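Here's a quick tour of one protein model, with a few spots worth finding in your viewer. Have the sequence and the 3D view side by side as you read.

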Amino acid sequence: MTTLVPRGPYSDEELRKLYPTNLNLQLVQIVPLAPWRTKSSFSEVSEHWPYCNAAKRFSSVVMTKTDWSAWSELSWRRRIETFGDDDRPVLAAGPQGAVDTVCQLGELTDKGRETTLALGERLRHLYVDQLSFMPRIISDADMIYLRATPMPRALDSVQQSFIGMYPSSARTALFSPPTIITRAAADETLFPNEHNCRRFSQLGRAFAQRTADKWNDSKEMDYLNALISKWMPDDSPRVAVDSHPRLSGIMDTVNSTLAHGPTTRLPSEFYDSKGRDIIDRIGTEEWFSGYKESEEYRKLGIGALVGDIVTRMVGSAEGSGNDGLLEVAGVDGDLGKGRGGESDLKFAMSGCHDTTLAAVLSSLGAFEGEKWPPYTSHIAVELFKDESVQADRPGPSEPAPRQSFLGASRKSTKPSSVIMRKAMHDLTAEEKAKLQGYFVRLRYNDRPMTIPGCKLPGKHLEGDETFCTLEAFKAIADKFTPRIWTEACVEGIDQPAFPLSPEPAGF
C-alpha cells in the first residue's frame with residue numbers, strides 16, 4: 001500500500017467519454033477509505049505521535065438547563081495520560097515533547113484530515129463544477145446519505161469530505177445539520193465484521209492459514225527476514241504471515257510511518273522497495289483471496305454492504321424512497337421527505353476502511369492485479385438512466401408508517417417495497433421493467449473498472465463494457481447478498497472453509 005497521488009481533474013474530452021450525453025447521472029455512492037492513522041508495531045517507533053492538532057480544538061454538546069430546553073457547546077483540549085516508569089501518571093508526549101497534539105492509536109491524523117478534505121473538494125469539482133449534478137449551494141443535506149463505521153476516524157473522514165464538498169460558503173446561513181448514520185458494532189457491515197460474524201471469522205482464519213502455509217518458508221519471506229528480522233521481538237524472532245506482529249501489521253506500520261514525519265519513522269530497511277512489494281503481495285492474498293474464490297466469503301464479508309448499495313440504486317430507479325432518503329430525511333414524526341422538499345436521494349458517502357474497498361472490488365471481480373488500497377482511496381458507484389428507454393417508473397410513493405424505535409425489537413423500520421432486496425430471478429416482468437434503461441459504473445480512484453460478468457452480450461452499454469446494466473449488476477450482487485446476515489453468520493460452522501468447486505467473483 002502507498003499513499004494515493006490523485007490524478008488531475010478530467011479533461012473535457014475525458015468527461016465526454018466518461019459521461020455520455022445520452023445517459024443522465026441519477027445517483028452517486030462514494031465509498032471512501034478512512035486514511036492516515038497512527039500505528040506502531042515496533043518499539044523503534046514512538047507510541048505517541050504528535051500529528052493530531054484537532055486535539056486542541058475538540059467540542060462537545062452540553063445541556064445548559066435542567067429542563068432540557070437549552071443546549072450549547074463546550075470547547076476543550078485533550079491530553080493523554082499514561083504510566084510512568086514507576087507507575088505514576090505521566091503525560092504522553094511525542095518524540096520532541098509535544099503533549100497537546102498527541103494522537104490516540106488509530107486516530108485520523110492531520111494529514112488524514114487534509115487528504116479527506118481534498119477528496120471532498122475533488123468530488124465537488126467533478127459533481128458540482130464540471131457535471132452540474134449536485135447543487136452549488138444547499139440549505140440542508142437531505143439529498144445526501146452519510147454513514148460511518150463506529151471507528152472515530154471513519155466518522156472524522158466523512159465529516160472532512162463533506163466539508164470539502166460543501167464548505168461554509170456553499171451552505172446557507174440557516175443550513176440544517178446533516179444526518180450521519182451509524183450502527184452498533186455488532187450490526188456494522190461497512191467493513192468485513194469478523195468480530196461479530198462467527199462463520200466469517202472461521203473462513204478468514206482458514207484463508208490466512210493457507211497463505212501462511214504457502215509463504216512462510218518461501219524465498220520471499222527469507223528476503224524479508226534478512227531485511228528486518230533483527231527488530232522482531234524475542235518471542236517471535238522470524239517474520240511470517242502469522243508472526244507477532246503479523247506481516248499485515250508490519251505492513252500497516254510501514255505505511256503509516258511512511259505517510260508521516262521523520263520523527264516517527266522505522267529504520268530504513270523497512271522501506272526497501274522490493275520488501276514492500278513482497279509484503280503487499282502476500283498481505284493482499286491473505287486478506288482478499290477469499291472474496292475472489294468463495295461465494296460464502298463474499299456473502300459474509302461484504303455482501304450486506306453491496307446489497308445496501310444495490311438497494312439504494314433499485315430504490316432510485318423505482319422512485320420509492322428506498323434510495324436512502326427514508327434514513328436521512330425529515331424529522332421525528334415526519335420521515336420520508338427532505339427538510340427542503342427533497343423526494344430523491346442524489347449522493348451517498350459511507351466512511352469505510354481499506355478492507356472494505358478491496359472486498360467490494362474483489363467480490364465483483366474488479367480487483368485483479370491491484371495492490372492494497374492506498375490511503376485516501378475511494379470507489380464511486382454511479383447510476384445512470386438512458387432516457388430513451390421508457391421504463392415503468394412510478395412517481396415517489398408515500399412511505400408506509402414506520403415502526404416504533406422503542407423497545408428491543410430488531411425488526412426493520414423500513415417500509416415495504418416492491419423490489420428492495422428481492423433477487424432478480426424472483427422479480428415479475430413488471431418489476432424487471434422498472435430496472436430497464438439503467439446502467440451502473442464503478443470508478444476506483446477515478447479509473448473506470450470492468451466487472452467480468454458485465455462483458456457478456458446484452459449486459460452492458462453498447463460500446464462500453466464499464467457500464468453494466470442495472471439488471472446484470474444486481475444479478476451478480478444478488479448471488480452474494482445475504483438474506484439475513486446475522487443468521488448466515490452462524491450457519492455452516494461445521495462445513496469446510498473452502499468451496500468444493502470454483503466460485504469465481506464477478507459473475
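## Where two helices meet

Arg298, Ile302, Leu305 and Val306 on the α8 side touch Thr356, Ala359, Val360 and Ser363 on the α10 side. Sorted by character, the residues of this α8–α10 contact come out as five nonpolar, two polar and one charged. Keep in mind that you're looking at a predicted model.

How do the axes of the two helices cross? Helix α8 covers residues 295–318 and helix α10 covers residues 354–363; their axes come within 10 Å and cross at roughly 95°. So α8 sits roughly perpendicular to α10.

## A strand with both faces covered

Now move to strand β6, residues 144–148. Is this strand mostly covered or mostly open? Mostly covered: five of its five residues are buried. On one side you'll find Ile144, Leu146 and Ala148, on the other Tyr145 and Arg147, and every one of them is buried. Yes, that list takes in an arginine, Arg147.

β6 also has strand partners, and Leu146 is a handy place to look at them. Here's how the two pairings line up:

| Partner of β6 | Residues | Direction | Bridges | Residue opposite Leu146 |
|---|---|---|---|---|
| β10 | 347–351 | parallel | five | Met349 |
| β7 | 180–181 | parallel | two | Ile180 |

If you trace the chain from β6 through helix α3 (residues 152–165) to β7, you've followed a right-handed β-α-β unit.

## Two residues to click on

Start with Lys346, which lies in the loop between β9 (334–335) and β10. Is Lys346 buried or partly exposed? It counts as partly exposed, because its relative accessible area is 26%, and buried means under 20%. Lys346 also brings together far-apart bits of sequence: Leu25 is 321 residues away along the chain, yet the C-alpha to C-alpha distance is 9.1 Å. Setting aside neighbours within four places in sequence, Lys346 makes contact with Gln26, Leu27, Val28, Phe133, Met134 and Met143.

Then there's Asp478, which belongs to helix α12 (residues 470–478). Its relative accessibility is 18%, so Asp478 counts as buried. Which residues does Asp478 touch, leaving aside neighbours within four places in sequence? The contacts are Lys422, Ala423 and Met424.

Notes. Residues are numbered from 1 along each chain as its sequence is written. This is a predicted model: local features need pLDDT of at least 70, side-chain atom pairs count only at pLDDT 80 or more; totals for chains, interfaces and linings use all residues. Side-chain values use heavy atoms; hydrogens and water are left out. Axes are lines fitted to C-alpha atoms, for helices over the stretch in contact, and angles run from 0 to 180 degrees between N-to-C directions. Helices (H or I, at least four residues) and strands (E, at least two) are DSSP runs, numbered from the N terminus. Angles under 35 degrees count as roughly parallel, over 145 as roughly antiparallel, 65 to 115 as roughly perpendicular and the rest as oblique. Contact means heavy atoms within 4.5 Å. Ala, Val, Leu, Ile, Met, Phe, Trp, Tyr, Cys and Pro count as nonpolar, Asp, Glu, Lys and Arg as charged, and the others, Gly among them, as polar. Buried means under 20% relative accessible area, exposed over 50%, partly exposed in between (1.4 Å probe, protein chains only). Two strands pair if DSSP finds at least two bridges between them. A crossover is right-handed if, with the strands pointing away from the viewer, the path from the first strand over the helix to the second runs clockwise.
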